[in-house]
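Colleague: Could you take me through one part of this model in detail? I'd like a close look at the metal site and whatever sits around it.

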Amino acid sequence: MIIVMQKGATPAQISAVVARVEGMGRQVHLSRGEERTIIGVVGDDRTFDRDQFERMDGVEHTVPILKPYKLASREFHPSDSVVDVGGVSIGGQAVVVMAGPCAVESREQLMETAWAAKEAGALILRGGAFKPRTSPYSFQGMGEQGLQLLAEARAETGLLVVTEVMSPSQVSLVATYADILQIGARNMQNYALLHAVGESHKPVLLKRGMMSTMEEWLMSAEYVLSHGNNRVMLCERGIRTFETYTRNTFDINAIAMLKQLTHLPVIADPSHGTGLWELVGPVARGAVAAGADGLILEIHPRPEEAVSDGRQSLKPKRFAELMSEVRLIAEAVGALPGDRRAA
Ligand code: PEP
Ligand code: MN
């Protein structure tokens, strides 16, 4: 349930409402807007007496949240959430780009890629140190050594780091090196992992499960949020369909739909969403036009030598061109009347 306070509600009136909610053993989320304060009450609305709150001083009205996800819902938090990652705002005005190799392979490969990402204007370096591979015989990632290389690349270039964590027991290790914890598609419904990253204080990039509905995905975000971590970003990386010409089917509907359903930033991953580097540019441009708050892109200096996902990796030159195209599209979208960016 949401309790909307009147425009001029006093701090004492707000505190009285909060105290009553907490007295009922419920958690409260305060959202102070320019005009009014909104008090979110977490939990099952059916057992809540709305009248009791509507009679309190300073309360304008109450709204039940009928969706199964609460903290993630747009009703709960009407304005866009802006996730701060080491001074970079994600979900604000600018489209933030994360780029790097699928996997950290060596110091040389990572540094070369990191500088190319930086020079083209990316703010965040991606790179897997723990890789979820379909085959146990495929390269599984460099592990902690890979994390150390990512930290070195951050120190050299000033880029922030996003990298995947695959199990609850890895969270504290990965969190000591990463600025953003990535939950991979295969782990979107690993509830123990969602619980663990929810208790960490690091921003989380939650990828969409390859066969997950938007509602299931938002429920996974709810797990992280409900364990006390409000810095959650959603990442559309394509879903599995009957189509075989592309690796996955990038769901552009999800970008626009999520902007309605949730306040959380939405990031697009056209690399995994298509599986083909030739399609990464067009789909990246489309995602930004549809309202994505950021992009995560795989790039590699020599994609033909990449140990994973070379087929979908852009070379630095093409990546730099795409960055210019993305800037143009972001600017054009920002100028559209009625678009949230113009607000
Ligand atoms: C990745 O980012 O390299 C990755 C494994 O992505 P996903 O979990 O979306 O397949
Ligand atoms: Mn990959």
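Modeller: Here is a walk through the metal site, the ligand beside it in the discussion, and a few residues from the surrounding chain.

Keep in mind that this is a predicted model, and every value below is computed from it.

Let's start with the metal. The manganese ion is ligand 2, and its protein donors are Cys102 through SG, His272 through NE2, Glu298 through OE and Asp309 through OD. These donors lie 2.0 to 2.4 Å from the ion. If you want to find them along the sequence, the spacing reads C-x169-H-x25-E-x10-D. Histidine 272 and glutamate 298 link distant parts of the chain: the histidine is in helix H9, residues 270-274, the glutamate is in strand E14, residues 294-298, and 26 residues separate the pair.

How covered are those two? Histidine 272 has a relative accessible area of 8%, so it counts as buried, the cut-off being under 20%. Glutamate 298 is buried too, with a relative accessible area of 0%.

Aspartate 309 deserves its own look. This donor is found in the loop between E14 and helix H11, which covers 316-334. Its backbone has a positive phi of about 55°, although aspartate 309 is not a glycine.

Now for ligand 1. The residues around it are Cys102, Arg126, Lys131, Glu164, Gln182, Gly184, Ala185, Arg186, Lys207, Arg237, His272 and Glu298. You'll recognise some names from the metal site: Cys102, His272 and Glu298 are among the manganese donors and are also listed around ligand 1.

Several polar contacts can be picked out by eye. A polar backbone atom of alanine 185 is 2.7 Å from an oxygen atom of ligand 1. From arginine 237, a polar side-chain atom lies 2.7 Å from an oxygen atom of the ligand. Lysine 207 takes part as well, with an N or O atom of its side chain 2.9 Å from a ligand oxygen. On its own, ligand 1 has 300 Å² of accessible area, and the protein covers 98% of that. The space the ligand takes is the second largest pocket.

Two lysines from that list are worth placing in the fold. Lysine 207 is in strand E11, residues 204-207, and is buried at a relative accessible area of 3%. Its C-alpha is 9.0 Å from that of aspartate 269, though the two are 62 residues apart along the chain. Lysine 131, by contrast, is found in a loop, the one between strand E8 (124-126) and helix H4 (144-157). At 7% relative accessibility, lysine 131 counts as buried. Measure across to the metal donor cysteine 102 and you get 8.7 Å from C-alpha to C-alpha, with their positions 29 residues apart in sequence.

Finally, two glutamates that are not among the residues listed around ligand 1. Glutamate 243 is found in the loop between strand E12 (232-236) and helix H8 (252-261). Its relative accessibility is 36%, so it counts as partly exposed. The side chain of glutamate 243 reaches the backbone nitrogen of tyrosine 245 at 2.9 Å. Glutamate 222 has its place in helix H7, residues 214-226, and is buried, with a relative accessible area of 9%. If you'd like a distance for scale, glutamate 222 and arginine 36 are 25 Å apart in space, C-alpha to C-alpha, and 186 residues apart in sequence.

Conventions
Residues numbered from 1 in each chain as written. Chains lettered and ligands numbered in written order. Predicted model: local features only at pLDDT ≥ 70, side-chain atom pairs only at ≥ 80, totals over all residues. Heavy atoms only, no water. Donors = N, O, S within 2.8 Å, 3.2 Å for Na, K, Ca; no water. Helix = DSSP H or I, 4+ residues; strand = E, 2+ residues; numbered from the N terminus. Buried < 20%, exposed > 50% of the residue type's maximum accessible area, 1.4 Å probe, protein only. Near = heavy atom within 4 Å. Polar contact = N/O pair within 3.5 Å; in protein donor to acceptor, adjacent residues only side chain to side chain. Areas by Shrake-Rupley, 256 points an atom, 1.4 Å probe, with all protein chains shown as cover. 1 Å grid on protein atoms, 1.4 Å probe; cavity = no way out; pocket = protein on both sides within 12 Å on 5 of 7 lines; lining within 4 Å. Sits in = over half its atoms within 2 Å of the grid points.
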